[in-house]
Amino acid sequence: MFTMTKEVILTGVRSNDQPTLGNYLGAFLPMVELQRKFAGAYQVNMFVPDLHSLTTPVDHGGLYANTVMSLKYYAAAGLDWRNQDTFIYRQSFIPAHSELAWILDCFTYFGEMRRMTQFKEKAGDGEENVSVGLLNYPVLMAADILLYGARWVPVGDDQRQHLEIARNIALRMNRKFGDELFTVPETWSKQLAFAGRTEGVRIRSLSSPDKKMSKSVQDPRGTILLSDHPDTAAKKVLGATTDSLGRISFDWQRQPGVTNLLQILALLQGKPQGEINADWLDKPSYGELKQAVAKALSEFLEDFQAKLRGVDEAALLDGLKTSEKAMNQIAGGTLLRVQTAVGLRPRR
Ligand code: TYM
């Protein structure tokens, strides 16, 4: 019987498509850094939210293969999945995720879901034909977090609102059913401090830097896939949209293209943003900055793709079984506590 004794750090990356540089810098890398920094002191849960993949159009025939591929990406990114405090799993293999999501749905307001920025962006004007899954996707995400009592959830800036909803649902249910029902995930500012950052990671499209780099948007010139050939990726960087101001500064409002490049460079080189900004501040040449980012990116991709080829898939899938067994126990325990609190199971 597995019991949890350590605080939990948890994150997931959907498996519908090829992961992007945004996924890597916003989620894979922070998770791997946290695992290295806190090895032994925390439990690390890194799972594939495959049920979330159904919220937007997906190639159903390729979904399962993509799920397995996502696990390989975690390993290639440096996640030490053999570590005894680390658990990798597939969301749909732990039925408690969907069951808890249903209960949480009934304590979540339609209005708050409808106001979520990501829902509004993805639904656009065609709300009538948008799946209910897309609308209540943040509730399933809340279930993912609350089932394991995760306090720490490293995600990119675009997921901030969803993390806040998970907190709100937990606080609301704790008020109604008692404070011990859920561990409440920490606030965004505490998450940033925990990850040693001053602001959330937001990688923008290289071609339209006012928009996020996203796998679900058709923008091949602006999106770096982790599977891109290093030369292709370098070319995309060299062709990145900047501006006509002719000076380099870190300013998301006035110079989003240049700022995006500065951020990518800092994260790829593992240097503080302030240090990178100081190196480039007020330099007139956007070309030099692009060259530096292109070089850092192609070197990173070469290394990453070599690691991906070296992942032992059979061992990974074997580790998955043990991990999923343990997580089914934990998630089942939380679910039973909630079922009892809401009256679906007898109180002792
Ligand atoms: P998803 O699959 O869209 O993205 C996975 C992770 O990548 C980050 N990310 C980015 N970060 C910075 N800049 C970008 N351009 C960028 N694009 C993606 C996301 O912030 C995220 O951290 N709902 C989630 C998956 C999920 C989850 C969870 C995460 C389901 N349950 C529980 C944490 C905890 C999602 O769709 O992320």
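Which residue caps the N-terminal end of α13? In this predicted model, where local features need pLDDT of at least 70, side-chain atom pairs count only at pLDDT 80 or more, and totals for chains, interfaces and linings use all residues, the cap is serine 285, with a side-chain oxygen 3.4 Å from the backbone nitrogen of glycine 287. Residues are numbered from 1 along each chain as its sequence is written, and side-chain values use heavy atoms, with hydrogens and water left out.

Helix α13 itself (helices being DSSP runs of H or I with at least four residues, strands runs of E with at least two, numbered from the N terminus) covers residues 286–309. At 1.5 Å a residue, its 24 residues should span 34 Å, and the end C-alpha atoms are 34 Å apart, which agrees (the expected span is 1.5 Å times one less than the number of residues).

Turning to the ligand, an oxygen atom of the ligand is 2.5 Å from an N or O atom in the side chain of tyrosine 137, and a ligand oxygen is 3.0 Å from an N or O atom in the asparagine 23 side chain. For aspartate 144, a side-chain N or O atom is 2.6 Å from a nitrogen atom of the ligand. The elements that give two or more residues to the surrounding shell are β1 (7–12), α1 (21–37) and α7 (137–146).

Technical notes. A polar contact is a pair of N or O atoms within 3.5 Å; within protein, one must be able to donate a hydrogen and the other to accept it, and residues adjacent in sequence count only if both atoms are side-chain atoms.
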